[in-house]
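Colleague: Could you take me through this model, starting from single side chains and working outwards to the fold as a whole?

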Amino acid sequence: MDKRDIIEKIRELLEAGNPPALKNFLESLSPADTARSVTDLNEEEREKLFSLLLPGDAASVLRDMPDSQAADVIGELNPGRAADIVEEMPSADRADVLNDMSDNAADAVLDEMEPEEAADARRLLEYPENSAGGIMLTEFLAYTTEKTVRYVLDDLKN
């Protein structure tokens, strides 16, 4: 499926207003195809896409995009919806996206987030982006002893 076919299919699914089908189609694409397709939609189409998807699904789509593009998309949404999506992102991704937004836009999103989530994000935003503090996670991670190191490393990459 070429780029035009992908965008046309996304537009068809947006017009139908079918969130499960939209989610399934986006999941069938490579991360690169997802990122390119979403950025090729116009602002109104992107807003509809991110309003149809559940916040966790929307966050997954944004993970496939470069941070600056994800920040642009988040900045186009109303702050309440943006906060719902940003809260679903892993803490390091959340901080990267918020860091790439204008201060006013990031503050508007942070103001709409749950207080504890916003406090964690603000704490990570204090660190330089590529420092140890800037790439750390605030979530607690636990794995059973049966899991291999390979499994843990693969899980951390996702």
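**From side chains to fold**

Colleague: Does Lys 3 count as exposed or partly exposed, and at what relative accessibility?
Modeller: Because exposed residues need over 50% relative accessible area and buried ones under 20%, Lys 3, at 46% relative accessibility, falls between the two and is partly exposed. Bear in mind that this is a predicted model. The answer for Lys 3 is therefore partly exposed, at 46%.

Colleague: With which residue do the side chains of Lys 3 meet in a salt bridge?
Modeller: The partner is a carboxylate whose oxygen lies 2.8 Å from the nitrogen of Lys 3. The pair links distant parts of the chain, with Lys 3 in helix H1 and its partner in helix H3 (residues 31-40), 37 residues apart. That partner is partly exposed, at 31% relative accessibility, and the residue is Asp 40.

Colleague: Which residue forms a salt bridge with Glu 12?
Modeller: Here both partners lie in helix H1, 3 residues apart, which is about one turn of the helix. Glu 12 is partly exposed with a relative accessible area of 46%, and its partner is partly exposed at 28%. The closest N and O atoms are 3.4 Å apart, and the partner of Glu 12 is Lys 9.

Colleague: How far apart are the closest N and O atoms of Asp 111 and Arg 122?
Modeller: Asp 111 and Arg 122 form a salt bridge with closest N and O atoms at 3.2 Å. This pair links distant parts of the chain, Asp 111 being in helix H9 (residues 103-112) and Arg 122 in helix H10 (residues 115-125), 11 residues apart. Asp 111 is exposed, with a relative accessible area of 57%, whereas Arg 122 is partly exposed at 35%. The separation asked for is 3.2 Å.

Colleague: Which residues do salt bridges that share partners join into one network?
Modeller: A search of the whole structure finds 12 salt bridges. Those that share partners join three residues into one network: Lys 23, Glu 27 and Asp 57.

Colleague: Which residues of helix H2 (residues 19-28) are buried?
Modeller: The buried residues of helix H2 are Leu 22, Phe 25 and Leu 26, and they line one face of the helix because, seen down its axis, they fall within an arc of 95 degrees. They pack against H1, H3, helix H4 (43-52) and helix H5 (55-63), while the face turned away from the buried side carries the exposed residues Pro 20, Glu 27 and Ser 28. The buried set is thus Leu 22, Phe 25 and Leu 26.

Colleague: How many residues has the largest nonpolar core?
Modeller: Among the residues with the most contacts inside this core are Ile 10, Leu 49 and Phe 50, and helix H1 (residues 3-16) gives the most to it, with 5 residues. Leaving out residues up to four places away in sequence, Phe 50 touches several others, including Val 38, Leu 62, Leu 77 and Ile 85. The core has 39 residues.

Colleague: Over which residue's face does Lys 147 lie?
Modeller: The search for aromatic pairs over the whole structure finds 0. A charge does sit over a ring, however, since Lys 147 lies at 4.5 Å from the ring centre, within the 6 Å allowed. The ring belongs to Tyr 151.

Colleague: How many helices and strands does the secondary structure of the protein come to?
Modeller: Read along the sequence, the pattern is an unbroken run of α elements. Of the 158 residues, 35% count as buried, and residues 24 or more positions apart account for 62% of the contacts with a separation of 6 or more. The count is 12 helices and 0 strands.

Technical notes
Residues are numbered from 1 along each chain as its sequence is written. This is a predicted model: local features need pLDDT of at least 70, side-chain atom pairs count only at pLDDT 80 or more; totals for chains, interfaces and linings use all residues. Side-chain values use heavy atoms; hydrogens and water are left out. A nonpolar core is a set of buried Ala, Val, Leu, Ile, Met, Phe, Trp, Tyr and Cys residues joined through side-chain atoms within 4.5 Å. Buried means under 20% relative accessible area, exposed over 50%, partly exposed in between (1.4 Å probe, protein chains only). Helices (H or I, at least four residues) and strands (E, at least two) are DSSP runs, numbered from the N terminus. Contact means heavy atoms within 4.5 Å. A salt bridge is a side-chain nitrogen of Lys or Arg within 4 Å of a carboxyl oxygen of Asp or Glu. Rings of Phe, Tyr and Trp (its six-membered ring) pair if their centres lie within 6.5 Å; planes under 30 degrees apart count as stacked, over 60 as edge-to-face and the rest as tilted. A charge sits over a ring if NZ of Lys or CZ of Arg is within 6 Å of the ring centre and within 35 degrees of the ring normal. The arc is that of the directions from the helix axis to the C-beta atoms.
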